[in-house]
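Biologist: I'd like to learn how to read a model like this one, feature by feature. Could you walk me through it?

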There are 2 protein chains.
Amino acid sequence: MQNLVVNGDRLWESIMELARIGATEKGGVCRLALSDLDRQGRDLFIRWCKEAGCTITIDRVGNIFARRPGKDDSLPPIMTGSHLDSQPTGGRFDGAYGVLAGLEVIRTMNDMEIETDAPVEVVVWTNEEGSRFSPAMMGSGAFIGEFSLDDVMNKKDNVTGEVFGDELKRIGYDGDAWLGDRPIGAYFEAHIEQGPILEDEEKTIGVVIAANGQRWYEVTVTGQEAHAGPTPMPLRKDALVAASRMIQAVHQIGHRYPPYACATVGFIESSPNSRNTIPGSVFFTIDLRHPEDEILTRMNDDVRDECTRIAEDAGCIVDIRDFWEFPATLFDESCVLVVREAAKQSGYSWRDITSGAGHDAVYVARVAPTGMIFIPCEDGISHNETENATPEDCAAGAQVLFMAMLDRSTG
Amino acid sequence: MQNLVVNGDRLWESIMELARIGATEKGGVCRLALSDLDRQGRDLFIRWCKEAGCTITIDRVGNIFARRPGKDDSLPPIMTGSHLDSQPTGGRFDGAYGVLAGLEVIRTMNDMEIETDAPVEVVVWTNEEGSRFSPAMMGSGAFIGEFSLDDVMNKKDNVTGEVFGDELKRIGYDGDAWLGDRPIGAYFEAHIEQGPILEDEEKTIGVVIAANGQRWYEVTVTGQEAHAGPTPMPLRKDALVAASRMIQAVHQIGHRYPPYACATVGFIESSPNSRNTIPGSVFFTIDLRHPEDEILTRMNDDVRDECTRIAEDAGCIVDIRDFWEFPATLFDESCVLVVREAAKQSGYSWRDITSGAGHDAVYVARVAPTGMIFIPCEDGISHNETENATPEDCAAGAQVLFMAMLDRSTG
């Protein structure tokens, strides 16, 4: 491969420096949205952007836009970015890589004294993970109008109950730019694949053509609390026993529509959660994904039918609520093309790929031409402290991002 | 029935007044061990006992002994009591009934100006529930030497990590009486049945002849955290899916040895507990009970075999630790006899019964002649805010307790 103009070492050093903020003992990152550590990550990003000559704008939900001016600053910017928040036991690359690859594009343009026609921007979207405040992709969703400002501001920490708006203010990122008041010429997002396909097929670049549709549910199973000692087995209405059968059913539904379907129970809370009391109620979440909306609908029907049947059989009541959904997304053909051409011209091995994960790009695609660039991650693992990627692959993704953004921002 | 000398109205009013401390909206009680509410309950009990002329002793783990002197105060006391702590969503009778029935015995002796030969004591055992600090029956266990003082003092709140010794001191119940330095002439404990048998058979008094053996375990299942979107179903090592199969297996083992076997998973925590991450590890507890130790051993073997097999099948690792156990208990023949005779003489319907639950009486039985008295509870439900018993049954149990204690403390 040739034509590497981005500085892979500088990019890698920035990724490693950022990863120290919230670093965990096992080599991962815990930098929950709107925590003190999130603030530290944001502060470092802004310092680097200012050093690179960018101007900073922060909007009402805390999304940060770092702008490198173009010859014609009235043109809508060519934007890239991702997020800086992480899962509770997250890795060093998910989100951070896309933000810093964008910064590396700007640094490279500075090194090469490139003047683009349109401005170039790097964005940090607030709370992409949805782990502390649910649902996910909240900053980009608010930006495009999927969530109202009020709705976002009143979201509560899933564990402590702290309020989004209070926490945003506390860390000093309650900006004054209005939401959606920012036309975008095109949007590209670089990201680790978070799956095993590129690594398995030894491809360096994933040209992302589509993203899975997703449906999220909140499920409450109600049985009857009773003493674990003197309550005969046949008389029990054990909500955890019923919920555990439902978790099995959800898992089997994921297996029922291969190879793309995914079905996950990621969060569970049992009440009263006491060792010698039969659980009286259990709350858990379901995450269903598939690239075809029709199959997602079948998975939805299966989940509802089977959970209802299990609850009846166990003498329990189940309440299944739609929590969040978005349909499968096809990315913009011209953006996909410019990414594919950049990969080809750079001599990287590549393949078209679909995204199993949601990304901010999925929301941005509703308001601007959008494309994504994937790079491999070790063993396909992410949302894990052992998440890993190579310096070479990180540089390759940034190079493709640079070429795609240069193409769209110039001439 | 006849011969009712205890004051059922006074007993009922005391139960209702105590139940206001930690009262929940659904009519139950949340009065966790060593909480501020536990302190308030203890303070009220001590005030009532002092009003009844008792002297108070508190030992190093916070057990409270309220003593009514006998003619010969050098005789070991005839003791009764139970506990004032509750489950997180507990009821008004579990524990509190036994303590207040004991207080009613003393009040009745005062009313009738009875002088017993041996002193009479009412005890409040610390942390019987084991819900906040595990295991259960900690105060009585420390009293008889089953747990060391150091071990108890260093126990941590299952959720917050607060330390037992710190919390005991904070609520002002770190007494100075040495553990075990208190011979007991005989011990009786009155309690709601916490099961459906007496109600089903329309019996007022359960003469408790034995208590189930119990084995408690802590289980950790380790899989692999990964992103819920792009991780294909066949590559997952989902710790919660594996744990939910184990929960099914435990439940089936409970059904395998009818009618006495009980098997319960009461506590579960999943990590990282994020909606869009495949769970990497799950911790849960198992509670096995049976009146025959031989069958308990078979249940133990089944649990270990099946959880190990499930873990292997799911690509996970399981660690099953013995956490606590005690063998089945036969109560003292002479104490059982005096309870049975008191029920007969009072004209109450009665039956012999075994206890499915653990009680402080099970530990006390190792150091003193011990008996228990059960009364029915509505629908057999306890460890539940709807736990209920009738004023008539409460009075009947207190009457039998009075007669048994009078018998043992006199001539």
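Modeller: Sure. Start with one pair of residues: Ile192(A) sits opposite Ile375(A), which belongs to β16(A). Keep in mind that this is a predicted model.

Biologist: Which strand does β16(A) run parallel to, and over how many bridges?

Modeller: That's β5 of chain A, residues 186-192, joined to β16(A) by 6 bridges. There is another partner as well: β6 of chain A, residues 205-211, pairs with β16(A) in the antiparallel sense over 3 bridges. In β16(A), Ile373(A) has Val207(A) standing opposite.

Biologist: Is β16 of chain A mostly covered or mostly open?

Modeller: Mostly covered: 6 of its 6 residues, 370-375, are buried. Look at the two faces of the strand. Thr370(A), Met372(A) and Phe374(A) point one way, while Gly371(A), Ile373(A) and Ile375(A) point the other way, and all are buried.

Biologist: Now the two chains. What rotation superposes chain B on chain A?

Modeller: It takes 180 degrees, with 0.1 Å of shift along the axis, and the RMSD is 0.1 Å. That is how a two-fold axis relates its copies. If you want to find the axis on screen, go to Ser244(B), whose C-alpha is 2.3 Å away, the closest approach of any residue of chain B.

Biologist: Why can we say that the copies meet through the same surface?

Modeller: Because 100% of the interface residues of chain B are also interface residues in chain A. In terms of contacts, 65 residues of chain B meet 65 residues of chain A.

Biologist: How do people usually put a size on an interface?

Modeller: Often by the accessible area lost when the parts come together. Here the area buried between chain B and chain A is about 5,600 Å², and carbon and sulfur atoms give 55% of it. Three residues, His227(B), Met233(B) and Arg275(B), supply 16% of what chain B buries against chain A, more than any other three.

Biologist: And how should I think about charges?

Modeller: Side chains of opposite charge can pair when their charged atoms come close. Across the interface of chain B and chain A, the rule finds 2 salt bridges. Arg275(B) makes a salt bridge with Glu218(A), with 2.8 Å between the closest N and O atoms. The rule also finds 38 residue pairs in polar contact across this interface.

Biologist: Which element gives the largest share of the side of chain B that touches chain A?

Modeller: α8(B), with 9 residues. Other elements supply at least two residues each, among them β7 (213-222) and β12 (281-290) of chain B.

Biologist: Can we zoom in on one interface residue?

Modeller: Try Thr264(B), in strand β9 of chain B. Its relative accessibility is 0%, so Thr264(B) counts as buried. The Thr264(B) side chain makes a polar contact of 2.6 Å with the side chain of Arg236(A). Beyond four places away in sequence, the residues Thr264(B) touches include Ala228(A), Thr277(A) and Ile278(A) from the partner chain, and Val250(B) and Thr285(B) from chain B.

Biologist: How many salt bridges does the structure hold over all chains?

Modeller: There are 54. Take Asp313(A) and Arg245(A), whose side chains meet at 2.9 Å, N to O. This pair links distant parts of the chain, with Asp313(A) in helix α9 and Arg245(A) in helix α8, 68 residues apart. Asp313(A) is exposed at 54% relative accessible area, whereas Arg245(A), at 25%, is partly exposed.

Biologist: Is there one in chain B that reaches further along the sequence?

Modeller: Look at Asp36(B) and Arg170(B), whose closest N and O atoms are 2.8 Å apart. Asp36(B) is in helix α2 and Arg170(B) in helix α6, so the salt bridge ties together parts 134 residues apart in sequence. Both count as partly exposed, Asp36(B) at 36% and Arg170(B) at 39%.

Biologist: Are Asp157(B) and Arg132(B) buried or exposed?

Modeller: Buried: Asp157(B) has a relative accessible area of 9% and Arg132(B) one of 7%. In chain A, salt bridges that share partners build one network, whose members include Asp36(A), Arg132(A), Asp157(A) and Arg170(A). As for the chain B pair, Asp157(B) and Arg132(B) form a salt bridge with their closest N and O atoms 2.6 Å apart.

How values were computed. Residues are numbered from 1 along each chain as its sequence is written. Chains are lettered from A and ligands numbered from 1 in the order in which they are written. This is a predicted model: local features need pLDDT of at least 70, side-chain atom pairs count only at pLDDT 80 or more; totals for chains, interfaces and linings use all residues. Side-chain values use heavy atoms; hydrogens and water are left out. Copies are superposed by least squares on the C-alpha atoms of residues with pLDDT of at least 70 in both. Contact means heavy atoms within 4.5 Å. Buried means under 20% relative accessible area, exposed over 50%, partly exposed in between (1.4 Å probe, protein chains only). Helices (H or I, at least four residues) and strands (E, at least two) are DSSP runs, numbered from the N terminus. Two strands pair if DSSP finds at least two bridges between them. Buried area is the accessible area (1.4 Å probe) that two parts lose on being put together, summed over both. A salt bridge is a side-chain nitrogen of Lys or Arg within 4 Å of a carboxyl oxygen of Asp or Glu. A polar contact is a pair of N or O atoms within 3.5 Å; within protein, one must be able to donate a hydrogen and the other to accept it, and residues adjacent in sequence count only if both atoms are side-chain atoms.
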